[in-house]
Structures are given as C-alpha cells and as structure tokens.
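Here is my note on the model, point by point. Please read it with the structure open.

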Amino acid sequence: MTVAIAVPAGGLLFEGHFPGRPILPGIAELVLIARSLAPGGDAAEVSAIPFARFRGLVLPADCLEVEAVPRGDDGVRFEVRRAGEVVANGAMTFGAPRSDDGGGTTVASRATRGAPPLHELIPHRPPMRFVERILGAAEDGATWLGRVPAACALVTRSVTPAFVALEAAAQTAAVWEALRRSRDAGAPSVLTGYLVSLRDVVLYRRTIPADADLIATIRLVAAAPPLTTYAVDVAVEGERALRGTIGTYLSD
C-alpha cells in the first residue's frame with residue numbers, strides 16, 4: 001500500500017511552530033500518516049505506536065510518499081519518503097484503546113520558584129504550545145499542566161487523537177531541560193526540543209478534548225546530548241491517556 005501526502009504550503013498546521021521558521025510538527029506528521037493508513041481514515045483509530053522515528057524535518061509544501069505493509073492482524077509498518085529520502089518510519093496498531101493496566105506514575109512534586117516565562121524557554125507559540133505551567137520538578141523529571149487549544153489545527157469537532165498528547169510530553173521535556181540550563185547559566189536560554197522517536201506507546205483512550213487539562217509527567221531515562229530519552233505518562237480528566245517512551249533532539 002502506497003499513499004501520497006501533500007503537506008500544505010502554509011496555514012494552521014505551522015502556526016506557532018515556529019515563528020519565522022515554519023516546520024511541520026512531528027506529531028502533526030504522525031496524524032497525517034495515521035489518517036492515510038487507518039482503516040476508517042481517522043487518526044483516533046490508533047491504539048498503540050510500537051515505534052516511530054522522525055529522521056528529517058518536513059517543510060511547507062513537501063510531497064510525502066507513505067509505503068505501508070501489514071504488521072500482525074491490526075497494524076502496519078510504514079516508511080515515509082520525500083523525493084526518495086526517508087524522513088520517517090515506524091509502526092502503528094489500530095483498534096480499541098487498551099484498558100489501563102494500573103501502575104501509578106510518580107509525579108514530580110518539588111515546587112519551582114522564579115522560573116522564567118515559557119516564551120523565554122521554548123520557541124513554541126500558541127496554538128502549538130501545549131504546556132502552560134509547572135506542577136513540580138525533580139532531578140530526573142518534571143510534571144506540567146497543559147492543554148491542546150481548540151484553535152490547534154489537530155483539533156476536529158472539539159477533540160484530537162489521544163496520541164497528540166505526546167507533544168505535550170515532548171514540550172515538557174524541552175522546558176525542563178531549558179530550566180536546568182538556565183539555572184546553571186544564571187540566565188534563560190531558549191531551547192528547541194525536536195521529537196525524534198517514540199517507543200512502546202500505548203493509548204488508553206481514542207481522543208482527548210480540546211482545552212482539557214493534561215497532566216504530563218516525564219522521567220529521564222538516558223541522555224547522550226543532544227539526544228535524550230524520557231519515559232512519559234499523560235493523564236486527562238483524571239484518567240491515564242497514554243504512556244510510553246519518547247526521544248528528543250535538543251538544540252539551542
């Protein structure tokens with residue numbers, strides 16, 4: 001199975017990511033891929049992402065070719081190319097969300113005082129900035145309150161696919177790293193965190209409502225700068241929405 005994706009030349013998909021330097025968010029790329037491969041054409045049909053890697057930046061007006069092969073009874077393995085160059089690959093499973101298998105996540109609870117405003121830490125701007133304020137921090141991670149704004153291009157009929165919350169986790173990681181660097185340097189430093197990989201992502205619901213409170217917790221697993229790996233857990237409306245592992249590429 002091969003499908004083509006025509007990335008828009010501009011518009012809401014690029015709004016806020018980033019001002020003056022439009023780049024298709026990795027999570028938006030994943031939504032476009034899921035829509036093209038899901039049996040019903042709905043990205044909310046994704047129930048798990050065993051792995052995904054984003055290998056190159058996708059820019060306005062890019063033409064992508066997605067090649068997919070079956071993986072098990074309810075999933076696909078995919079590869080995305082632009083002019084023959086692989087820009088992403090991975091696997092998706094479709095079907096009903098998993099039942100929460102329990103196991104709590106430790107929420108970072110140490111208050112952070114005097115933190116710089118978000119615009120001094122990450123380049124994301126609304127409606128693609130999902131993080132709002134810190135709830136707690138620790139030496140190996142942080143917990144943030146966030147939400148997917150209704151104005152975000154990934155919202156349709158007041159909801160967005162649950163895996164879009166992975167972007168809130170990735171932004172939480174970037175802010176946490178920026179806070180650490182600003183503390184060490186004594187001054188704020190804007191830090192761009194690119195989402196470059198996903199692993200063992202399990203979804204516990206199909207969608208999340210726009211503007212609903214998201215509680216995103218990230219825990220450092222490994223760091224080999226500029227690459228960093230985190231275990232993530234996101235809850236919405238008091239229930240777990242997803243868990244998994246993300247990899248980010250951090251750039252000043």
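1. Arg-243 is partly exposed, at 23% relative accessibility. This is a predicted model. The side chain of Arg-243 meets that of Asp-233 in a salt bridge, 3.6 Å from N to O. The two residues are ten apart, and the pair links distant parts of the chain: Arg-243 lies in strand β13 (residues 239-251), Asp-233 in strand β12 (residues 227-236). Asp-233 is buried, with a relative accessible area of 9%. The cut-off for buried is under 20%, so Asp-233 falls below it at 9% and Arg-243 does not at 23%.

2. Which residues join Arg-243 and Asp-233 in a network of salt bridges? They are Asp-100 and Arg-240. The structure holds twelve salt bridges. Two further ones are taken up next.

3. Arg-180 and Glu-177 form a salt bridge through their side chains, at 3.5 Å from N to O. Both sit in helix α2 (residues 165-185). They are three residues apart there, which means a separation of about one helical turn. Are the two partners buried or exposed? Glu-177 is buried, at 8% relative accessibility. Arg-180 is partly exposed, with a relative accessible area of 27%.

4. Arg-199 and Asp-200 make another salt bridge, with 3.7 Å from N to O. Asp-200 counts as exposed, at 51% relative accessibility. The cut-off for exposed is over 50%, so Asp-200 passes it at 51%. Arg-199 is partly exposed, with a relative accessible area of 41%.

5. Both of these residues return in the surroundings of Ile-49. Ile-49 touches Arg-199 and Asp-200, along with Leu-30, Ala-91, Phe-163, Leu-166, Leu-198 and Val-201; residues up to four places away in sequence are not counted. Ile-49 itself is buried, at 1% relative accessibility. Its place is in strand β2 (residues 46-54). How far apart in space are Ile-49 and Pro-39? Their C-alpha atoms are 16 Å apart, and the residues are ten apart in sequence.

6. Strand β2 pairs with β9 in the antiparallel sense, over five bridges. Ala-48 stands opposite Val-202 in β9. For orientation, β9 covers residues 192-203.

7. Now the whole sheet. What is the order of its strands? The open sheet has eleven strands, in the order β1-β3-β4-β5-β2-β9-β13-β12-β11-β7-β6, with antiparallel pairing. Its edge strands are β1 (2-6) and β6 (131-138), each pairing on one side only. From one strand to the next, the twist averages 25 degrees. The order places β13 between β9 and β12. The salt bridge of point 1 joins residues of β13 and β12.

8. On to the aromatic rings. A ring pair is described by two values, the distance of the centres and the angle of the planes. The count comes to three aromatic pairs. One of them is Trp-176 with Tyr-230: the pair is edge-to-face, at 6.2 Å centre to centre and 80 degrees between the planes. It links distant parts of the chain, Trp-176 in helix α2 and Tyr-230 in strand β12, 54 residues apart. Trp-176 is buried, at 3% relative accessibility. Tyr-230 is buried too, at 0%.

9. Why does the pair of Tyr-194 and Tyr-249 count as tilted? The ring planes stand at 45 degrees, with the centres 6.5 Å apart, so the pair is tilted. Planes under 30 degrees apart would count as stacked, and those over 60 as edge-to-face. This pair also links distant parts of the chain: Tyr-194 in strand β9 and Tyr-249 in strand β13, 55 residues apart.

10. The two tyrosines have separate accessibility classes. Tyr-194 is buried, with a relative accessible area of 14%. Tyr-249 is partly exposed, with a relative accessible area of 36%. Which residue joins them in a cluster? Phe-18 does: ring pairs link Phe-18, Tyr-194 and Tyr-249.

Note on methods: Residues are numbered from 1 along each chain as its sequence is written. This is a predicted model: local features need pLDDT of at least 70, side-chain atom pairs count only at pLDDT 80 or more; totals for chains, interfaces and linings use all residues. Side-chain values use heavy atoms; hydrogens and water are left out. A salt bridge is a side-chain nitrogen of Lys or Arg within 4 Å of a carboxyl oxygen of Asp or Glu. Helices (H or I, at least four residues) and strands (E, at least two) are DSSP runs, numbered from the N terminus. Buried means under 20% relative accessible area, exposed over 50%, partly exposed in between (1.4 Å probe, protein chains only). Contact means heavy atoms within 4.5 Å. Rings of Phe, Tyr and Trp (its six-membered ring) pair if their centres lie within 6.5 Å; planes under 30 degrees apart count as stacked, over 60 as edge-to-face and the rest as tilted. Two strands pair if DSSP finds at least two bridges between them. Axes are lines fitted to C-alpha atoms, for helices over the stretch in contact, and angles run from 0 to 180 degrees between N-to-C directions.
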